[in-house]
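Please open the model in your viewer and keep the selection tool at hand. The stops below go from the whole chain to a pair of strand partners and then to a single residue.

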Amino acid sequence: MIRFMPDGRLKTDAAVLDAGPWLTSADALASLNSVKRVLLHSYPHTTDITSDAKRVHTLLAGVELDPELEGHAARLYSGGGIAVLVIEHWH
């Protein structure tokens, strides 16, 4: 089970992960080698898209650094030796 906590952290079955800064498209793409999972979050739904490499790369190519803009933003969550990349879809 994956859920966002009120304090902004991400709770997974394995650990509670702290949110990092918003990433540029290039930084998000570079982080793919170090993450365990890639999640797509479009409130209120969160979907694991780790296995869909084409979709992950397409979404990350459109990442905006400013999460207030309509589109996609990316953030790395980490803790307990685990890293998860979350792509936020703003609409």
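What percentage of the 91 residues in the protein do buried residues make up? Buried residues account for 37% of them, and since this is a predicted model, that share, like every other value on this tour, is computed from predicted coordinates.

**The whole chain**

Begin with everything selected and coloured by secondary structure, which should bring out two helices and seven strands; followed along the sequence, these elements come in the order β-β-β-α-β-β-α-β-β. If you reduce the display to the C-alpha trace and align the view with the principal axes, the protein spans about 30 × 25 × 20 Å. The radius of gyration is 12 Å, which agrees with the value near 12 Å that a compact globule of 91 residues would have. Turning on contacts with a separation of 6 or more, you will find that 55% of them link residues 24 or more positions apart.

Now switch to a surface representation, where the accessible area comes to about 5,300 Å², with 54% of it belonging to carbon and sulfur atoms. Colouring by charge picks out 8 positive and 11 negative charges, whose mean positions lie 9 Å apart.

**Strand β4 and its two partners**

Next, select residues 37-42, which form strand β4, and add residues 82-90, which form strand β7. These two strands run parallel and are joined by five bridges; to locate one point along this pairing, pick Val38, whose bridge partner in β7 is Leu85.

Keep β4 selected and add strand β5, residues 45-48, which pairs with β4 in the antiparallel sense over four bridges. The link between β4 and β5 is a hairpin of two residues, and a convenient place to look at this pairing is His41, which has Thr46 as its bridge partner in β5. While the strands are on screen, it is worth recalling that side chains in a regular strand alternate between the two faces of the sheet.

**Ser25 in helix α1**

Finally, select residues 25-30, the extent of helix α1, and centre on Ser25 within it. Is Ser25 buried or exposed? Its relative accessibility is 18%, so Ser25 counts as buried, given that the cut-off for that class is under 20%. Beyond its neighbours within four places in sequence, Ser25 is in contact with Leu60, Ala61 and Val63. As a last step, draw a distance from Ser25 to Gly8, which is 17 residues away along the chain: their C-alpha atoms are separated by 21 Å.

Notes: Residues numbered from 1 in each chain as written. Predicted model: local features only at pLDDT ≥ 70, side-chain atom pairs only at ≥ 80, totals over all residues. Heavy atoms only, no water. Pairing = 2+ DSSP bridges. Rg over C-alpha atoms; globule rule 2.2 N^0.38 Å. Buried < 20%, exposed > 50% of the residue type's maximum accessible area, 1.4 Å probe, protein only. Contact = heavy atoms within 4.5 Å. Areas by Shrake-Rupley, 256 points an atom, 1.4 Å probe, with all protein chains shown as cover. Lys, Arg positive; Asp, Glu negative; His and termini not counted. Charge placed at Lys NZ, Arg CZ, Asp CG, Glu CD.
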